Amino acid sequence: MLQVINISFGYKNALVLNNISFNVNAGEHVSIIGESGSGKSTLLKLIYGEFDLNNGQIFWNNIEVLGPKYNLIAGPEFMKYVAQEFDLMPYKTVEENIGEFLSNFYLNEKQKRINELLEVVELSSFSKTKVKLLSGGQKQRVALARAIAKQPEIILLDEPFSHIDNFKKQSLRRNLFSFLKNKNISCVVATHDKDDVLSYADSIIALDNGRVMAKDTPRNLFNNPKNSLIASFFGEYNVINGEIVYAHQLKIVSKSNLKAAVRHSYFNGTYYLIEVNFKGKSIFIENVCEINQDDIIHFEIFK
Ligand SMILES: Nc1ncnc2c1ncn2[C@@H]1O[C@H](COP(=O)(O)OP(=O)(O)OP(=O)(O)O)[C@@H](O)[C@H]1O
């Protein structure tokens, strides 16, 4: 189990993280969310031992993770970290990069393992390609495969699919996160993307102003967003009479007390997002079809 106990840290004087505590069990998947600059990457780097803490302690089981004051090289053996910048060997092939840390003692086993990892990240056809010839997204996939090659006990992922196109993202997410679950590898994922979270995370930690603002399951946070910051992570939302209401919780009806004029209809694939002027403020409503500008509509809240 990972234990983060009352940690505080600042790069200079101001604290970026202030008194953060949480645990991650073996095999648990925890997502870290928060606005840009809220300290998600910093938190992962601290867990990896890249910096010395101002206060607090971090343990994996009974082993304390210590910073550079006490350790020449960051990153204990049982932990892997995939940063936003990938640390690959550009002049070596994809399979050489993935297999770098695997033992050469049983070459057949090593090749089997590399093939399995190439399948997880869907790069089998690039196995002999030099990494410098790959796109950003392909490099990110090599970095992920390399990190899981030796089956760490815990993996820290910073925006793991940020360079990967939508065609590949869905299947890659499924492959990677089910690989980690099947092998009982804990993971802590910093992300901006709700699709990395909703189907996969066991719990979410939301950071705000250097503190843990919320910690709960995706379902509870989605169903009861306690503030705008959390609601905005999950999708389009409104504040109506002080209450947070997602766009999909509003319905256009033939008659109601809530009346508004249409400003714009945005095509969104399976629905239209209708922007209406309600008491001088924009409100967003999901609807099956487009509505003309300036039409008057009525809507209701269905929660
Ligand atoms: N090496 C550094 N030296 C000084 N300040 C830093 C350094 N790295 C990050 N910061 C500052 O620490 C704060 C937190 O940054 P961090 O990268 O952890 O945020 P984040 O939540 O991961 O952001 P993003 O979502 O944009 O990646 C920011 O104010 C940032 O400017």
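Isoleucine 47 touches Leu2, Val4, Ile58, Val65, Leu156 and Val188, leaving aside residues up to four places away in sequence; contact here requires C-beta atoms, placed from the backbone, within 7 Å. This is a predicted model, where local features need pLDDT of at least 70, side-chain atom pairs count only at pLDDT 80 or more, and totals for chains, interfaces and linings use all residues. Residues are numbered from 1 along each chain as its sequence is written.

Ile47 also appears in the largest nonpolar core, where Ile32, Ile47, Ala145, Ile155, Leu156 and Val188 touch the most other members out of 73 residues. Such a core is a set of buried Ala, Val, Leu, Ile, Met, Phe, Trp, Tyr and Cys residues joined through C-beta atoms within 7 Å, and buried means that 20 or more other C-beta atoms lie within 10 Å of a residue's own. Helix α4 (residues 136-148) supplies the largest share, 6 residues; helices are DSSP runs (H or I, at least four residues), as are strands (E, at least two), numbered from the N terminus. Each of the two domains gives this core at least three residues.

Here are those domains, with bounds from an automatic or database assignment:

| Domain | Residues |
|---|---|
| domain 1 | 2-223 |
| domain 2 | 236-301 |

Their centres, taken over C-alpha atoms, are 39 Å apart.

Now to the ligand: the residues around it are Tyr11, Val16, Gly34, Ser36, Gly37, Ser38, Gly39, Lys40, Ser41, Thr42 and Ala190, each with its C-beta atom, placed from the backbone, within 6 Å of the molecule. Helix α1 (residues 40-48) gives the most to this shell, with 3 residues.

Conventions. Buried ≥ 20, exposed ≤ 12 C-beta atoms within 10 Å, placed from the backbone. Contact = placed C-beta atoms within 7 Å.
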